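I opened this notebook to record, entry by entry, what I looked up in the model and where each look led me.

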Amino acid sequence: MRGAVFVAYSTVAGRLSGVVTTAEHASVHPALASLRRARELFLTGRQLPDGVPEDIVAAWKRARFFGVRPDVRDLAPDAPRHPVRPTESALLTAARPVLERIAPALGTGRAALVLTDERLRVLWATGCAADAPRCRDLSEREVGHNSAALALHTRRRAEVHGPEHFLDLWQDVSAVSVPVLAPETGRTQGTVTVASGLCAECRPHPGAALAEAAASAVEAELLARSRAAERVLLDAYLRAVREPGQAVVALDGRNRLVSEAAGELLSLEGLEGLERGVVALVRDVGRGVRSGFGDGVGDGDGDRAGTTTGPGSASALAPPTAADPTPSASYRIQLQDDSGCCATVTPVPHLGSVIGAVVVLEPAWQGPVTSAGRVVVGMAGRSVPWRHAVGRALELARSPEPLLLVGERGTGKTSLARELAASPLTLDAAEGELHADFGGLMDGHPLLVRHVERLAQPDTAALNSLLETHPGAPLLVTYTPGTPPGPCLQRLLDTLAARSVTLPALRERTPDIRELLPTLAPRPAPGQPPLTWTLDALRALEQHPWPGNVTELAHLVRALAERRRTTGPVRRSELPDPVREGPATRRLTPMEHAERAAILEALRRHGGNKARTAAALGIARATLYRKLRGYRG
């Protein structure tokens with residue numbers, strides 16, 4: 001054995017890997033007799049000669065560790081450990097037409113063409129290889145070292161010849177395998193193998209070009225089908241989001257299409273949990289349908305993932321049954337995260353496969369709408385802080401008991417209160433002393449008391465007395481925190497604290513601004529388009545701190561709608577100076593505030609032209625730029 005060369009055939013683009021030499025270098029395959037002798041010594045537990053490739057010896061050792069018998073005769077038992085049904089394989093659906101076109105190129109000799117999945121389970125095979133029996137699983141755990149397992153591991157073309165195999169059955173077989181990669185993700189989908197009689201002296205394997213061509217053609221077919229399936233999923237998504245504000249998510253296990261409304265309802269963790277639950281649900285639906293949905297999403301060994309029910313996941317409320325695997329049926333699921341949403345899942349079929357699903361989300365509460373379909377201002381908004389506050393208020397309002405709405409000036413307390421109670425009698429403490437007999441006024445009807453922080457002490461005492469004698473009175477109270485309350489008011493607030501809801505300020509729910517704008521704008525005149533906004537103007541609105549909250553925004557929208565004479569979307573230049581320029585990013589001194597206001601007014605007068613503004617102010621243009629930068633810190 002001295003001076004011999006052993007080469008483990010793992011050919012990549014015409015190069016050999018795993019070359020081990022002893023005394024000299026050569027580019028020929030080692031003498032098969034020497035390698036056969038080394039294999040016999042290994043199987044009988046004797047010392048191996050020098051120069052046997054380490055990767056070949058390691059492969060033999062793995063086979064022995066896995067308990068593979070070299071003299072096994074039956075490679076296709078009646079009950080395989082991991083059966084693969086053709087209807088479960090998107091790879092086979094794409095590869096079968098390609099392989100059937102290529103198969104005649106094998107000729108009538110002792111050759112075989114084999115397709116495996118990513119777990120090396122044989123999906124399709126034709127021809128024969130050295131009269132060896134067919135095999136259903138080419139993993140090393142089942143049959144030991146082979147070209148398909150090597151190609152899957154290295155993600156490159158690989159060859160294995162004769163005695164490099166562990167099994168006796170394949171001592172006169174040469175095989176070349178090429179991995180099939182997902183065209184967009186690069187994930188290994190399976191392998192294509194060409195096997196023949198022993199041809200170790202031929203490099204590369206005579207079937208290498210055929211295997212490469214087959215793998216490339218299968219990848220091209222996967223890409224074409226993937227793009228077609230993505231288009232089908234996109235079309236289904238677009239049909240679902242035709243209505244403005246619709247919360248829709250489309251999933252296929254690889255891609256996500258999320259509407260703006262759905263993004264506001266779900267956190268990233270909630271979206272990932274929804275995807276896991278929907279993938280599992282649609283896989284159940286597609287048991288009787290060829291399903292390529294969610295390839296690669298599941299547990300570690302590729303088995304079907306079960307529907308999860310942990311935090312941020314989806315649990316099936318109406319799971320499909322084996323008797324109804326209709327891919328077009330819809331199913332209701334309940335999200336178990338903090339969003340409290342329900343969802344309707346509709347599988348999306350394509351060419352006999354379930355390629356994804358469209359999910360329509362519904363919040364736990366639905367804001368009432370007017371007969372014209374316009375969202376009521378008091379309910380408009382889908383941000384998490386607003387949704388939680390309104391959901392809590394709706395929950396408390398189900399029972400006719402006192403309810404306290406707390407929030408800054410202009411946050412929408414009164415608007416929400418009028419949606420929670422049907423036609424309440426309204427009293428406003430800001431208009432002076434009420435001198436009211438609250439019990440007589442209510443007479444079983446809901447009563448709304450606005451600005452309770454401004455109640456005169458006698459009126460506050462009257463409310464406290466009412467709640468002592470009628471703790472279940474249908475009373476709604478709005479409160480704007482400010483100066484510390486007196487003892488009598490504090491007693492009233494403490495009584496109502498258990499049934500209170502704090503509404504977030506508009507600066508805490510800026511995603512809702514885009515939904516509020518059409519509800520705040522006056523109805524356009526007949527034949528006139530509604531008020532719309534450029535993206536730049538919307539960004540300015542969302543960056544403004546809105547100290548007056550929704551009330552301030554409403555005044556701005558109505559003023560713009562009444563005074564503008566131009567057509568088209570509202571531009572940023574049309575907004576008031578403080579909104580257009582954005583807030584200062586640092587605390588300004590009184591002098592800087594005055595100076596900034598003067599500059600903004602000059603900019604407005606000159607249409608934003610900084611050269612004219614600088615000239616009008618009597619300062620250099622560079623000074624103007626420096627001051628504007630300084631206001632932003």
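Before turning to a helix by its label, I note that helices here are DSSP runs of H or I with at least four residues, numbered from the N terminus. With that settled, I place Glu542 in helix α15. The model I am reading is a predicted one.

**Entry: Glu542 and its surroundings**

I asked whether Glu542 is buried or partly exposed. Its relative accessibility is 24%, and because burial requires a value under 20%, Glu542 counts as partly exposed. Leaving out residues up to four places away in sequence, I find Glu542 touching Thr510, Ile513 and Arg514. Arg514 is 28 residues from Glu542 along the chain, yet I read a separation of 8.6 Å between their C-alpha atoms.

**Entry: the buried side of α15**

I then went through the helix itself, which spans residues 535–543, and listed Ala537, Leu538, Ala540 and Leu541 as buried. These residues lie on the same side of α15, because they cover an arc of only 160 degrees around the axis. This fits the general rule that an α-helix has 3.6 residues a turn, so residues three or four places apart point the same way. Which helices do the buried residues of α15 pack against? I find α14 (513–520), α16 (549–563) and α17 (577–581) as their partners.

**Entry: the whole protein**

Stepping back, I count 20 helices and 18 strands in the protein, and of its 633 residues 46% count as buried. The exposed surface comes to about 30700 Å², with 52% of it supplied by carbon and sulfur atoms. Among contacts with a separation of 6 or more, 61% join residues 24 or more positions apart.

**Entry: the largest nonpolar core**

The largest nonpolar core holds 26 residues, and within it Leu99, Leu113, Leu115 and Val218 have the most contacts. At least two residues of this core come from each of α3 (90–102), β3 (111–117), β4 (122–127), β6 (173–181), β7 (188–197) and α6 (208–240). I followed Leu115 further and, setting aside neighbours within four places in sequence, found contacts that include Leu91, Leu92, Ala95 and Leu99, as well as Val122, Leu123, Trp124, Thr191 and Val192. Arg121 is also in contact with Leu115.

**Entry: the loop between β3 and β4**

Leu120 sits in the loop between β3 and β4, and its phi is near 65 degrees, a positive value in a residue other than glycine. I marked this for a second look, since most residues other than glycine have a negative phi. Leu120 counts as buried, at 6% relative accessibility. Arg119 is found in the loop between β3 and β4 as well, and with a relative accessible area of 18% Arg119 is buried. I also noted that the C-alpha atoms of Arg119 and Leu138, 19 residues apart along the chain, are separated by 8.5 Å.

**Entry: another positive phi**

Arg155 has a positive phi of about 60 degrees although it is not a glycine. I located Arg155 in the loop between α5 (147–154) and β5 (158–161), where it counts as partly exposed at 42% relative accessibility.

**Entry: α1 against α2**

Finally I looked at helix α1 (residues 32–43) and helix α2 (residues 54–66), whose axes come within 11 Å and cross at roughly 35 degrees. The crossing in which α1 passes α2 is right-handed. Which residues meet there? From α1 I list Leu35, Ala38, Arg39 and Phe42, and from α2 Trp60, Lys61 and Arg64.

Technical notes: Residues numbered from 1 in each chain as written. Predicted model: local features only at pLDDT ≥ 70, side-chain atom pairs only at ≥ 80, totals over all residues. Heavy atoms only, no water. Buried < 20%, exposed > 50% of the residue type's maximum accessible area, 1.4 Å probe, protein only. Arc of directions from axis to C-beta. Contact = heavy atoms within 4.5 Å. Areas by Shrake-Rupley, 256 points an atom, 1.4 Å probe, with all protein chains shown as cover. Core = buried A, V, L, I, M, F, W, Y, C linked by side-chain atoms within 4.5 Å. Axes fitted to C-alpha atoms, helices over the stretch in contact; angles between N-to-C directions. Left-handed = near helix turned anticlockwise from the far one by under 90°.
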